[in-house]
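Please examine the sequence and the structure shown below. The paragraphs that follow lead from one residue at a chain contact outward to other parts of the structure.

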Amino acid sequence: MNARVAKMVRIGMALLSAHWQSVLAYRGTMLVQTVQKIMMPTVLLAAWLSVARKSGTSYEEADYLLYFICIPIVTSLTSCSIMYTLPAQIRDGSLSRDLLKPLHPLWTHVFEHLASNAIMLLYLMPAPLLLGLWFHDRLPAVDMSPRHLTLFLGVFLLAIILRFVMGTLIALAGFWIEHVETLNLVFNAGLWAMLGGMIVPVETFPPTIRVIANALPYRYTLSFPLEVLRGHLPITDLAAGIATGISWTVVLIFLGRVLWLRGLLNWSAYGG
Amino acid sequence: MTSQQSALNADNEPAILTCGLRRSYEIRHKAEGLIASIKGLFKPEFSFIDAVADLDIRIEPGELVGFLGPNGAGKTTTLKMMSGLIAPTKGTVEVLGRNPFRREADFLASISLVMGQKQNLWWDLPPAETLALHREIYDISEPEYRERLKQLVDMLEIGDVLEIQARKLSLGQRMRAELAVALLHRPRILFLDEPTIGLDILMQKKVREFLLEYHARYSPTLLLTSHNMDDVAALCKRVIVINRGYKVYDGNLDRLTALARLDKILTVTFASAPPPGFDPKRLGTLVSAEGGRFCMKIPRDEAPRVAGELYNSGGVIDLTIEEAPLEDALADLFARPAS
């Protein structure tokens, strides 16, 4: 078992190194994506700051500041491109080359995800840091105890895994559907932005919509880690959130495995 | 890895064995026009075609076998089933004693499939990086990796391209680097699907020479598909021919060549008008005629005599003799009556 883990770590490091080198070949693209990731939360921050001043919600100005300054960091580490890369591989047959290696093809996507997101974070960090410094006297006090930070990192890791698994499910539809872009737009972009907390924190949703958001997986990929960081969640909500996030991850991984096996059986490897 | 590999077939058992192998594809039909498209949404029409049908093949370890057939005969589909990329619809396939579609790690570490210009190389990285990555994936020790790499680099003459981005390499350089990547783990079974496609004559020759040398050193079982008769003639004594999914020939290449009556393509260009008495239809089958340039299909044995006759008739400024495309000859062979 130890030898297998050690081998996997070596392969992982080699894949990360290869992906980092590839990603660095597209520095311009990364810069454009960085601007895109920062722009929307900044515009939304400006809008919600004005709302917070006029009407009383559970979020105050300081909470909105913390939330929208941190959003680019969360999205840069949770976003993935497997919905584009894997269906393309299925369509043009280039999945064949990964299927012929003694390494599950999805590992390549996992490490591509980690490599590109880590680089993206490096590009992006200056913006939240500058905003944090600019507004430092207006930000709320965050519990920096090791216990609280560990909890935050735990739910953040859950968000990274869950978002990747959701993206993979959309990607696997590529075995049956020629183009999965629309599917991705609806389930992984539109609903995620609305119910995940991209436009407004889930804690500020009206009660009925909040029930729906709590039951679906989107919240646990974006809003939930930031709610945990803010530190105002009652313990019961915190436990329910963690349990729901883990349950969705397990169920979707199982569904993904079924789709993967069925998809391969159905696949013709055209062009490959 | 070593203990797992011992579970694969021993060297005295068949390397590849198929029995009644069949693969069908579902084809959706749609008639022309908008109304047919709308109708197809509610009542789609499907049919099944057999890309491979009832294929029985037995290949022994270390054999070099050519796998031939016209376009659409089912060659690539068969290779994909043998390498585990797609599942058979019916029948069985065993490679090294394993069901390829299970894609067990030790099985995958024992095979390699080279498909024309399909890439194993990472497009944005130099081949050295892809090779290093494959070293980790195939769990090759550092000294072993160094030794294998040196051998492959020497045999394929790619020492000068290892540190150049793959996308900046010429087609020939890339193909040879692809071969190095595909062979780094010393596969016991090597599937080659059109390995010389798109390469110039010199590079085709280099690739063939390399494959022969590699086979002489390591004796992998090699199954080759190619439309290039020179590839098959240089590498394979045994050939298997399939047509419309069915095996129609399995045996010696020389006998197939005699049966298929491989013609030569003779192209002659006259300085002005052809000499009096020149009748291309008497010499062979006229393929094309344009001004003073005539292209003819000539029976293989007749080619030297006809070429001599044309030279002696005077006025010839150019004359070339080439192999007729293999698939033309095979299509002719299959189109003949069964007798």
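Does B:D139 count as buried, partly exposed or exposed? The model is a predicted one, and in it B:D139 has 37% relative accessibility, so this residue counts as partly exposed. The position of B:D139 is just after helix 5 of chain B, and its phi is positive, at about 55 degrees.

B:D139 also takes part in a contact between chains. Its partner in a salt bridge is A:R10, with the closest N and O atoms 3.1 Å apart. A:R10 belongs to helix 1 of chain A, while B:D139 sits in the loop between helix 5 and helix 6 of chain B, so the pair joins two chains. Like its partner, A:R10 falls in an intermediate class: with 36% relative accessibility, it counts as partly exposed. In general terms, side chains of opposite charge can pair when their charged atoms come close. The pair does not stand alone, for A:R10 and B:D139 are linked with B:R135, B:E136, B:E142 and B:R146 in a network of salt bridges.

The wider interface may now be considered. Chain B contributes 31 residues to the contact and chain A contributes 27 residues. Between the two chains an area of about 2600 Å² is buried, and carbon and sulfur atoms give 61% of it. Two salt bridges are found across the interface of chain B and chain A, and four residue pairs, both members at pLDDT 80 or more, are in polar contact between these chains. On the side of chain B that touches chain A, at least two residues each are supplied by strand 1 (16-29), helix 4 (105-108), strand 5 (111-115) and helix 5. Helix 5 of chain B gives the largest share of that side, five residues. Sorted by class, the side of chain B that touches chain A holds 18 nonpolar, four polar and nine charged residues.

Helix 5 of chain B therefore merits a closer look: eight of the 11 residues in this helix (residues 127-137) are buried, so the helix is largely enclosed by the rest of the structure. The buried residues are B:P127, B:T130, B:L131, B:L133, B:H134, B:R135, B:E136 and B:I137. Two of these names, B:R135 and B:E136, also appear in the network of salt bridges that includes A:R10. The surroundings of the helix come from both chains: its buried residues pack against helix 1 (2-24) of chain A and against helix 6 (142-156) and helix 7 (171-183) of chain B.

A second enclosed element is helix 3 of chain B. Seven of its eight residues (residues 75-82) are buried, so this helix too is largely enclosed by the rest of the structure. Those buried are B:K75, B:T77, B:T78, B:L79, B:K80, B:M81 and B:M82. After helix 3 of chain B comes B:G84, which has a positive phi near 90 degrees.

B:G84 leads on to an arginine. The side chain of B:R103 reaches the backbone oxygen of B:G84 at 2.5 Å. B:R103 is placed in the loop between strand 4 (90-95) and helix 4 of chain B. Leaving aside residues up to four places away in sequence, B:R103 touches A:L99, A:L264, B:G84, B:L85 and B:L108. Which side chain of opposite charge is nearest to B:R103? It is B:E104, 10 Å away, and B:R103 is buried yet has no salt bridge.

B:E104 instead forms a salt bridge with B:R102, the closest N and O atoms being 3.9 Å apart. B:E104 is partly exposed, at 26% relative accessible area, whereas B:R102 has 58% relative accessibility and counts as exposed.

Two further sites in chain B complete the tour. B:R305 forms a salt bridge with B:E302, with 2.6 Å between the closest N and O atoms. B:R305 is partly exposed, with a relative accessible area of 45%, and B:E302 is also partly exposed, with 31%. Over all chains, a search of the whole structure finds 31 salt bridges. The other site, B:A260, lies in helix 10 (residues 253-260) of chain B. B:A260 is buried, its relative accessible area being 3%. The C-alpha atoms of B:A260 and B:G69 are separated by 12 Å, and the two residues are 191 residues apart along the chain.

Notes
Residues numbered from 1 in each chain as written. Chains lettered and ligands numbered in written order. Predicted model: local features only at pLDDT ≥ 70, side-chain atom pairs only at ≥ 80, totals over all residues. Heavy atoms only, no water. Buried < 20%, exposed > 50% of the residue type's maximum accessible area, 1.4 Å probe, protein only. Helix = DSSP H or I, 4+ residues; strand = E, 2+ residues; numbered from the N terminus. Contact = heavy atoms within 4.5 Å. Buried area = accessible area lost by both parts, 1.4 Å probe. Salt bridge = Lys/Arg side-chain N within 4 Å of Asp/Glu carboxyl O. Polar contact = N/O pair within 3.5 Å; in protein donor to acceptor, adjacent residues only side chain to side chain. Nonpolar A, V, L, I, M, F, W, Y, C, P; charged D, E, K, R; others polar. Lys, Arg positive; Asp, Glu negative; His and termini not counted.
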